[in-house]
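Dear colleague,

Here is the structure I promised to pass on, with its sequence. Please look it over before reading my notes, which follow below.

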Amino acid sequence: LAEVVKSAWLDSPAAVAALEADVKALVAGDAVATERAIRASVALKSRIVAADEKESGLRATLNLGHTIGHALEAAAGYGSMRHGEAVSLGLVAAFRVALSLGRASAADADRMEALLDRLDLPVDLDSHLDARALSFVAADKKRAGDQVRFVVPGPPGETTIVPLTLPELERALASP
């Protein structure tokens, strides 16, 4: 479900609102709501990949929540944390960075966290984020030299990619 949330956020305000409207059904395991959410996510990913097959720009936005998510997953030891749990925490981290950089509103960050929480996904980033987890960011595939190409969310449907050094990223993540 964290991947579905990520896709809805990348897509549009309407996609996020539709997901929010389906929260109870999704948590209950309703097949129709689940299929609708997955179809919307796959359709967005398909449009993005078709528009940017070589990941020269737009396709990199699909990494929203994954820079820190992959680091948390690796630090926990693969198999200890589900990918979706890691992505959920990575989305919380992405908004922390976005807030620190002045590229997102507190209302959008709260909306994301509330949506993840209502879907029973983890949101307590601080209980997982430590120096060991951050050390895995250095090996991130989006790293170029001393910078990581970090996907920074804004309102639904708006993201930017910001090159950040590891110290800049760590400072942004330390901001409450």
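Leaving aside its neighbours within four places in sequence, S88 is in contact with A2, L116, L121 and P122. This serine is found in helix α6, and S88 counts as buried because its relative accessible area is 0%, where the cut-off for buried is under 20%. Please keep in mind throughout that this is a predicted model, and that the values below are computed from it.

S88 also belongs to the contact of its helix with a neighbour, in which S88, L91, V92, F95 and L99 of α6 meet A106, D108, A109, M112, E113 and L116 of α7. Sorted by class, the residues in this contact of α6 with α7 are 8 nonpolar, 1 polar and 2 charged. Helix α6 covers residues 83-100 and helix α7 residues 106-118, and the two pack at an angle of about 175 degrees with their axes 10 Å apart; that angle makes α6 roughly antiparallel to α7, since angles over 145 degrees are counted in that way.

Following the chain out of α7, you will come to D120, whose place is in the loop between α7 and α8. Most residues other than glycine have a negative phi. D120, although it is not a glycine, has a positive phi of about 65 degrees, which may be a point to look at when you have the model open. At 59% relative accessibility D120 counts as exposed, because the cut-off for that class is over 50%.

As for the chain in general, there are 9 helices and 3 strands, and read along the sequence they follow the pattern α-α-α-α-α-α-α-α-β-β-β-α. The C-alpha trace spans about 45 × 35 × 30 Å along its principal axes. A compact globule of 176 residues would have a radius of gyration near 16 Å, and the chain, with 15 Å, agrees with this. Of the 176 residues, 47% count as buried, and among the contacts with a separation of 6 or more, 65% are accounted for by residues 24 or more positions apart.

Two of the helices show clearly how burial is arranged around an axis. In helix α2, residues 13-21, the buried residues are A15, V16, L19 and E20; seen down the axis of α2, these fall within an arc of 135 degrees, so they line one face of the helix. What covers the buried residues of α2 includes α1 (2-11), α3, α4 (31-51) and α7, while the face of α2 turned away from its buried side carries the exposed residues A14 and A21.

Helix α9, residues 166-174, can be read in a similar manner, with L166, L169, A172 and L173 as its buried residues. They cover an arc of only 125 degrees around the axis, which puts them on the same side of α9. The elements against which the buried residues of α9 pack are the helices α5 (66-76), α6 and α8 (131-135), together with the strands β1 (143-144), β2 (147-153) and β3 (159-165). On the face of α9 turned away from its buried side are the exposed residues R171 and A174.

Finally, two alanines may be worth locating in the model. A25 is found in helix α3, residues 23-27, and with 24% relative accessibility A25 counts as partly exposed. Setting aside neighbours within four places in sequence, A25 is in contact with D30 and A33; A25 and L119, although 94 residues apart in sequence, are 9.8 Å apart in space, C-alpha to C-alpha. The other alanine, A74, lies in helix α5 and is buried, with a relative accessible area of 11%. Not counting residues up to four places away in sequence, A74 touches R132 and F136, whereas A74 and A51, which are 23 residues apart in sequence, are 30 Å apart in space from C-alpha to C-alpha.

With kind regards

Definitions and conventions:
Residues are numbered from 1 along each chain as its sequence is written. This is a predicted model: local features need pLDDT of at least 70, side-chain atom pairs count only at pLDDT 80 or more; totals for chains, interfaces and linings use all residues. Side-chain values use heavy atoms; hydrogens and water are left out. Axes are lines fitted to C-alpha atoms, for helices over the stretch in contact, and angles run from 0 to 180 degrees between N-to-C directions. Helices (H or I, at least four residues) and strands (E, at least two) are DSSP runs, numbered from the N terminus. Angles under 35 degrees count as roughly parallel, over 145 as roughly antiparallel, 65 to 115 as roughly perpendicular and the rest as oblique. Contact means heavy atoms within 4.5 Å. Ala, Val, Leu, Ile, Met, Phe, Trp, Tyr, Cys and Pro count as nonpolar, Asp, Glu, Lys and Arg as charged, and the others, Gly among them, as polar. Buried means under 20% relative accessible area, exposed over 50%, partly exposed in between (1.4 Å probe, protein chains only). The arc is that of the directions from the helix axis to the C-beta atoms. The radius of gyration is taken over C-alpha atoms; the globule rule is 2.2 Å times the number of residues to the power 0.38.
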